[in-house]
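Me: Please take one part of this structure and look at it closely. After that, set it beside the rest, in plain terms for someone new to it.

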Amino acid sequence: MPVAASAIYFLNLRGDVLINRLYRDDVGGNMVDAFRTHIMQTKELGTCPVRQIGGCSFFYMRISNVYIVIVVSSNANVACAFKFVVEAVALFKSYFGGAFDEDAIRNNFVLIYELLDEIMDFGYPQNLSPEILKLYITQEGVRSPFSSKPTDKPVPNATLQVTGAVGWRREGLVYKKNEVFLDIVESVNLLMSSKGSVLRCDVTGKVLMKCFLSGMPDLKLGLNDKIGLEKESQLKSRPTKSGKTIELDDVTFHQCVNLTRFNSEKTVSFVPPDGEFELMKYRITEGVNLPFRVLPTIKELGRTRIEVNVKVKSVFGAKMFALGVVIKIPVPKQTAKTSFQVTSGRAKYNAAIDCLVWKIRKFPGQTEPTLSAEVELISTMTEKKSWTRPPIQMEFQVPMFTASGLRVRFLKVWEKSGYNTVEWVRYITKAGSYEIRC
Amino acid sequence: MALSGMRGLSVFISDIRNCQNKEQERLRVDKELGNVRTRFKNEKGLTPYEKKKYVWKMLYIYMLGYDVDFGHMEAVSLISAPKYPEKQVGYIVTACLLNENHDFLRIAINTVRNDIIGRNETFQCLALTMVGNIGGREFAESLAPDVQKLLISSSYRPLVRKKAALCLLRLYRKNPDVVNVDGWADRMAQLLDERDLGVLTSSMSLLVALVSNHYDAYWSCLPKCVKILERLARNQDIPQEYTYYGIPSPWLQVRTMRALQYFPTVEDPNTRRSLFEVLQRILMGTDVVKNVNKNNASHAVLFEALALVMHLDAEKEMMSQCVALLGKFIAVREPNIRYLGLENMTRMLMVTDVQDIIKRHQAQIITSLKDPDISIRRRALDLLYGMCDVSNAKDIVEELLQYLSTADFAMREELSLKAAILAEKFAPDLSWYVDVILQLIDKAGDFVSDDIWFRVVQFVTNNEDLQPYAAAKAREYLDKPAIHETMVKVSAYIIGEFGHLLARRPGCSPKELFSVIHEKLPAVTTSTVPILLSTYAKIFMHTQPPDQELQNQIWSIFNKYESCIDVEIQQRAAEYLALSRRGAALVDILAEMPKFPERQSALIKKAEDTEVDTAEQSAIKLRAQQQTSSALVVTDQRPANGTPPVNQLGLVKMPSMSSNADHNSTDQGSSQENGTLSQVDPQAPAADILGDLLGPLAIEGPPTTAGEPQQNVIPGLGGDPDAVDASAIVPVGEEQNSVQPIGNIAERFHALCLKDSGVLYEDPNIQIGIKAEWRLHQGCFVLFLGNKNTSPLVSVQAIILPPSHLKMELSLVPDTIPPRAQVQCPLEVVNLRPSRDVAVLDFSYKFGNNMVNVKLRLPAVLNKFLQPIPVSAEEFFPQWRSLSGPPLKLQEVVRGVKPMPLVEMANLLNSFRLMVCPALDPNPNNLVASTTFYSESTRAMLCLVRIETDPADRTQLRMTVASGDPSLTLELKEFIKEQLVIMPTARAPGPVPPAPPVAQPTSPVSALTDPGAMLAGLL
């Protein structure tokens, strides 16, 4: 396996090192200064996540107000490095209880050092699963041997745990109420021309689970995807029910999914880890149901006036509604005055991002609100460069709607003791990069 | 400031200061810019207060580095506001945001003008400041007269007039036309009568700028300047507020003396006397005191006075007084003063002949070399380097060597370089030079660049007397237990080449030499191994009779390295092995290296480069640099050990093959060269040219020990050293801007047709020298492109347009020539067949904004491929007869020949490498010459020439040319004809001797039968 990192740095937005860990001594401790002076303080920040300075490669990403920088001096596996960062952040979040930012890091120095020691060794990523690490790396203080008797808890054996047949689940779990939560989260990426034709569109989806189940349960999940349904219709030798089937691309499963059974029987069956985990990921490119259609008309009237008309149409069911819809309509930098008329929500001009920002908190299905705005520009000294017209960006969340049309057909839980379980299923569709050219 | 009232502005600034990072700051700025835009767009208009506030914000944002491309209108409109606070913002922001090319400024011009001609002083000052800061052409054209009026009229307060003077200065720098009005010089002179010192200081700044460009118009100001200096020096009527620590206005003193330095001389004896009195007073009155500020001020005045003294070439007495003063300075404890003392001493050294006086302080300077402060050590090193000459070179170099082992690491490289150069330049004898360099390598091997040891090798190879000594020395050093790798390289090379010269000495048998060198092999790096392999091969070759054991040893080493991973080593090993198996043939192949072509010392070039970097562009420095080189020439010329003065040009080594034939022509050529230099070249630093030509001789050592005296002393040139001296002390004026070639290009070309080195082309920016060597049908030019300026020449391009008969290959010419540097571009020439066509060099470069392009003929002419051979009568006549009739033998009657005596014609032929064979022809009026022509197609070809002159009519002659190749015959005949008809104009024809008896044409029959000759005769 190739090296993923020689050193990892956590920096705040000003470029101060919050915490760092050197895994190999082939990079100097001052290399991060090069990052600060050559990347952070230039305009290139944010243009390319991989940069090479002075024989070292810097991989960086920003998470809330923290830059995580990985420095390597050899030919490293970039994808592996970024995956490591993402997983590490997920791990920290699960330890800190959700938030990962500068303050969280400052408050958890010791814990982070412990975790950094554990999750990577000499530049090679190790076990990053929060469930397992939490068994061994805890925030309990050191117990004085004289204060109380030693605990009865058996000392967990890490080796056995990791190398066992079901390495991701402990035995002997008991819950009073056996529950399973299943979320299907999809994000839609779209690039649409101003005429309304789709230039690029895909959906990336995740199936997230949270299990509170006793013992060693065996779960089976059925979706309305093509492979599963075909298999089923063959088995039962009867035509499938009406309704469309979904073709999933690039499906990735959590390690708990039994792949041999998936290959032979085409069913997703697994022994789940305890707590939260991501069961599978997928992508679809065909047959996407777009939740919104945007029809912009932006007219430049002379040198100093622009007329903006934007119509947004929600094309999901009338009973559903979208939340937190934000539409950002770019305007030229020299915008001086704006006036709006909107049929719902609120709009204002944000000079910091050079956009008209139109916010609609609750957006019911099958409606068509419009915005019309007049923008006045100030005349400038410099030769008027023609405005580049960046695309309109949109943010939203639509609960109980999947852009792919994916549905859970069944989720069966089977355990030796045969207890009853409660299953909860949710769907949500979010905007990825949802852009409409204007 | 006025900001206190503006809450919005201070809130904004504190917001910005509280930003944690750049991104927050950017967001805040963008937000504020949006706000400002909205405000400016507001139809209702802004109150003056609001406008002022937002324009201040804009300026603040602009100063933070963000683009502000709007709001200029608002800023400009504030200029016309009636109140001071608004006007001030308007002026400041306009000056900051707009540059001279902005259209918006046109709107402002009228308002600004109104302010300038108005009676409100504050507004006048604001407007003048803004005009000075922007200072574009439009401002200059429309406002300069008003500004001049302000400056001249005495009805305004000094405050305004000061500003006006400075404003005019700024405008002048941008656009010199502003003061090109009639009578400005007189007004300037009147201004200098001003009593107010503030106005005077500002006007003096203006004057300095004016005279730095043209001093001619301002002669009338000179006595006034001296008067001002007098007034200051006597402390007459100086108001208290212009006295700084008891010194009357040091700033004005310095400026005035700076202005005086731009005038070439002070002619009026009275003025000169009073000026020297003042200088004397300054020199006498300055001393080191406790107070730092007072010291600073008085020293500033003093050093400027020193510069002026140097400039004026004062009497020796004053100079020695200066040096004495500086000597006092360098003995002071205070490092700053010592530094200044050393620096100025270095400067003095460059200008005048005070070396002997400075030498008295040598001990003190050497002590400064051990100062704890490195900048002082550097100065001391520079000074030592500068003051070194033949008389004290030995002491100084030894001192430097001693110091080397304790010197700072940062200095060692420079130190060793300088020691090497000094040793090279002033070596009393060459063995001393070798000693010094070997010591140098021994002591500071890491800091000795390759150039230094290459140079030693060149030296030793070129000087046979030195070889045994160097070899013995190298052998000694090899005995040391741990020696530096550079030492291994140089010793191995020298032993390989010259080790056999030591054969008789104990411990120097080939076997012993081999073993002592071979000991070093395991410890050296790959770059040294090839040198060692060559050494082994050479030792092996010199082993007579062959030693079986040594042979086996060496072969096994070659065998081992034959599979080395390094290509260079592998190739050498393989080739040496193969060669050494061939036995006797080895001796030819591995014979001693030929002598190196003379070239400019790479070391000196390197040192020049580093010096130029630190060069400041002030007038005094420029002058000093120009004079440095002449000083150098003078030291070179100083007779060492009482030998008679030697013409420097004679030292340029002629290629040995042509030295006999060329002797006379060289003589003439070089005298011509000197003549042209001293005649046409008063503008450019003549010493530079000499410096370039003298480049090669730096390694020749002192004249006493240089190899061949007949090359050094050329008879009949007694007057020339004077000419050289004269040209060296020609006053150096400002550089010309227009690029006119110096000297006649055609003349230079003709001169170069006869000799092999000289100047091909020269203008104020560049000098192209040429040096050629010819061997059979091949030749090698080296073009020396010398930049004479202190700024680099860019876009340098040289393209050769060769005629069809020459194959020419020019090596890469660098795109830029660094300041005051010389680059060499070798050019290979191969002659394919005889032809008279001339190759053309299309040369272009860019200086400033001028593109200069010249087309130069290259002296690769027919006669360069001739090789004179003497022919006896027995050889001549059979040849002459065997080549009968056209096209192998051509005859022609040439008319319109430049009349010249027969002897001179013989010389001319000789200079074309046509060897005149006396007494072959019975008729004394005829000349017979022979030569060999080389080209790729004809190989060596004998050519015979016969010229029959008519003593009665010297303008015509008959010429017969014969050779084995028809085209060669034709070309050679035409060539000689051209040369006889079109003579180089520089040659003065000698007195025509009394006409010898009439000669009969020897072969009238052949002349009639020869159609070519008939035709030529008819034409």
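Reply: Strand 9 and strand 10 (residues 850-857) of chain B make a hairpin with two residues between them. In the turn, B:Gly848 has a positive phi of about 65 degrees. Strands here are DSSP runs of E with at least two residues, helices are runs of H or I with at least four, and both are numbered from the N terminus.

The model is predicted, so local features need pLDDT of at least 70 and side-chain atom pairs count only at pLDDT 80 or more, while totals for chains, interfaces and linings use all residues. Residues are numbered from 1 along each chain as its sequence is written, chains are lettered from A and ligands numbered from 1 in the order in which they are written, and side-chain values use heavy atoms, with hydrogens and water left out.

The two strands of the hairpin pair in the antiparallel sense over eight bridges; two strands count as paired if DSSP finds at least two bridges between them. Strands of a sheet pair through backbone hydrogen bonds, either parallel or antiparallel. Strand 9 of chain B also has strand 6 (residues 794-801) of chain B as an antiparallel partner, joined by six bridges. B:Lys846 can be followed through both pairings: its bridge partner is B:Val794 in one, and in the other it stands opposite B:Met851 of strand 10. Strand 9 (residues 840-847) is mostly covered, with six of its eight residues buried. Buried means under 20% relative accessible area, exposed means over 50%, and partly exposed is in between (1.4 Å probe, protein chains only).

The hairpin belongs to a chain with 44 helices and 16 strands. Of the 1019 residues of chain B, 54% are buried. Among its contacts (heavy atoms within 4.5 Å) with a separation of 6 or more, 69% are between residues 24 or more positions apart.

Elsewhere in chain B, B:Lys755 sits in the loop between helix 39 (745-754) and strand 3 (757-762). B:Lys755 is buried, at 9% relative accessible area. Its C-alpha is 9.3 Å from that of B:Phe912, although 157 residues separate the two in sequence. B:Thr461, in helix 24 (residues 450-462) of chain B, is also buried, at 5%. Leaving out residues up to four places away in sequence, B:Thr461 touches B:Gln467, B:Phe498, B:Met593, B:Pro594, B:Lys595 and B:Phe596.

Charged pairs also link parts of chain B. A salt bridge is a side-chain nitrogen of Lys or Arg within 4 Å of a carboxyl oxygen of Asp or Glu, and by this rule there are 53 over all chains. In one of them, B:Glu304 and B:Arg258 have their closest N and O atoms 3.0 Å apart. B:Glu304 lies in helix 15 (residues 292-312) and B:Arg258 in helix 13 (residues 250-261), so the pair ties together parts 46 residues apart in sequence. B:Glu304 is buried, at 9%, whereas B:Arg258 is partly exposed, at 27%. Another salt bridge joins B:Asp371 and B:Arg338 (2.1 Å, N to O), and both of these residues are buried. A further one joins B:Asp435 and B:Lys473 at 3.7 Å, N to O. These two residues are 38 apart, B:Asp435 in helix 23 (residues 430-444) and B:Lys473 in helix 25 (residues 466-478) of chain B. Salt bridges that share partners also join residues of both chains, A:Lys333, A:Asp354, B:Arg26 and B:Asp30, into one network.

Chain A has eight helices and 23 strands, and 44% of its 438 residues count as buried. Four of its strands form an open antiparallel sheet in the order 14-15-20-17. Strand 14 (292-301) and strand 17 (335-342) stand at the edges with a single partner strand each, so one side of each has no neighbour in the sheet. Strand 17 is joined to strand 20 (residues 370-377) of chain A by seven bridges, and A:Lys337 stands opposite A:Glu376. Helix 2 (residues 22-41) of chain B lies across strand 17 and strand 20 of chain A, at about 90 degrees to strand 17. Such angles, from 0 to 180 degrees, are taken between N-to-C directions of lines fitted to C-alpha atoms, for helices over the stretch in contact.
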